[in-house]
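User: Please take a close look at one part of this model, the helical region at the beginning of the chain, and go through it step by step. Then set that part against the rest of the fold, with its strands and a few individual positions.

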Amino acid sequence: MSSLIEMPDLVLENIIEFSNFKAILTLRQVCRDFRNFIDDLNNSKLPDSKITSIHVFIEKGIRFDFGKIDGYFDTISYSKNPKNLRRFNGKNKTLLGNNSDILKVAFRDLELILRFQKVQLSWLQFNFFPSEFNSINFSMKNQKIKTEVLEISATSQPDFLSILQLTDPENLRFFSGNQSIIEMDQLAETEQWKMAKSVTCGNFLKLNLKDIAHFSQSTIFHQSVSMEDHY
């Protein structure tokens, strides 16, 4: 009996075409050759994930909730115990190794999943909670996340920056549900902030009027505006 990787490329492509993105994450673990085959495929040969939104929750681990066109959610969680990092895909648990970096594994998977994304997301949400991570630095090598709305609840300017840098600035609307006071000096200089169409936020962002003058629409809850903010 031939092994899976010895099948003709056309057969392998058909297997990929009729698999969902969670199944393909599993297929990549079959063997290195099959993983390389999947990673080398043109994006046009990958199935449409039909994801409409992505919600990211960061606390003791990381959880991705993927909203879909049919109204259902797919979930992938990453949890690190003292011995192993585990990927929870439904009821399946995959050991990722003692030396695995939970952030790198999670966002490597996310980058792969986004290759299946055929249309712009309607919503991308990041929620930070008190976390076991000393520092958080997201990176994706090959693409930016296209989303209509970006919502962030974070505790520091670096966390905000790392998320903004993941997104495509075109047609972006920014929403912040944060509860901690965040400085704006570096955020206001990003192309995502400068090109965003609108912003909705509360008094936890330390805004100057010049930081929001370019928005075509803004909803900002602020306790007071000083005379200095007018100049």
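Analyst:
**Helix packing and its setting**

Among the contacts in the protein with a separation of 6 or more, 55% are made by residues 24 or more positions apart. The model is a predicted one, and its 231 residues, of which 45% count as buried, include seven helices and ten strands.

The part to examine closely is the meeting of helix α1, residues 9-17, with helix α3, residues 32-40, whose axes lie 11 Å apart and cross at an angle of about 75°. Because that angle falls in the range of 65 to 115 degrees, α1 counts as roughly perpendicular to α3. On the α1 side of this packing the residues involved are Asp9, Leu12, Glu13 and Ile16, and on the α3 side they meet Phe34, Phe37 and Ile38. Sorted by class, the contact between α1 and α3 holds five nonpolar residues, two charged residues and no polar ones.

Taking α1 by itself, one finds that Leu12, Glu13 and Ile16 are buried. These residues span an arc of only 100° around the axis, which places them on the same side of α1. A general point of helix geometry is useful here: an α-helix has 3.6 residues a turn, so residues three or four places apart point the same way. Leu12, Glu13 and Ile16 also appear in the list of α1 residues that meet α3, and the cover over the buried residues of α1 includes both α2, residues 21-27, and α3.

The partner helix can be read in a similar manner, since Phe34, Phe37 and Ile38 are the residues of α3 given as buried. Viewed down the axis of α3, the buried residues fall within an arc of 95°, so they line one face of the helix. On the other side of α3, by contrast, Arg32 and Asp40 are exposed. The elements covering the buried residues of α3 include α1 and α2, and α2 is likewise among the elements that cover the buried residues of α1.

A position just outside these helices adds to the picture of this region. Glu6 belongs to the segment before α1, and with a relative accessible area of 58% it is exposed. Its C-alpha atom lies 9.7 Å from that of Asp33, although the two residues are 27 positions apart along the chain.

Beyond α3, the chain passes through a loop that leads to strand β1, residues 51-58, and Lys50 is found in that loop. Lys50 has a phi near 55°, a positive value in a residue other than glycine, and its relative accessibility of 48% means that it counts as partly exposed.

The strands give the setting for the helical part. β1 runs parallel to β6, and six bridges join them, with Val56 having Phe126 as its bridge partner in β6. Strand β6, residues 123-128, also pairs in the parallel sense with strand β7, residues 149-153, over four bridges, and there Phe126 stands opposite Ile152. Phe126 is thus a bridge partner of Val56 as well as of Ile152. Five of the six residues of β6 are buried, so this strand is largely enclosed by the rest of the structure. In a regular strand the side chains alternate between the two faces of the sheet.

Further along the chain, strand β8, residues 173-176, pairs with strand β9, residues 198-201, in the parallel sense over three bridges, and the bridge partner of Phe175 in β9 is Thr200. β9 pairs in turn with strand β10, residues 217-220, again in the parallel sense, here over four bridges, and Ser198 has Gln217 as its bridge partner in β10.

A last position to inspect is Glu191, which has its place in helix α6, residues 191-195. With a relative accessible area of 45%, Glu191 is partly exposed, and from C-alpha to C-alpha it is 9.5 Å from Glu170, a residue 21 positions away in sequence.

To return to the part in question, α1 and α3 pack at about 75°, with the buried residues of α1 on the same side of that helix and those of α3 lining one face of theirs.

Methods. Residues are numbered from 1 along each chain as its sequence is written. This is a predicted model: local features need pLDDT of at least 70, side-chain atom pairs count only at pLDDT 80 or more; totals for chains, interfaces and linings use all residues. Side-chain values use heavy atoms; hydrogens and water are left out. Two strands pair if DSSP finds at least two bridges between them. Helices (H or I, at least four residues) and strands (E, at least two) are DSSP runs, numbered from the N terminus. Axes are lines fitted to C-alpha atoms, for helices over the stretch in contact, and angles run from 0 to 180 degrees between N-to-C directions. Angles under 35 degrees count as roughly parallel, over 145 as roughly antiparallel, 65 to 115 as roughly perpendicular and the rest as oblique. Contact means heavy atoms within 4.5 Å. Ala, Val, Leu, Ile, Met, Phe, Trp, Tyr, Cys and Pro count as nonpolar, Asp, Glu, Lys and Arg as charged, and the others, Gly among them, as polar. Buried means under 20% relative accessible area, exposed over 50%, partly exposed in between (1.4 Å probe, protein chains only). The arc is that of the directions from the helix axis to the C-beta atoms.
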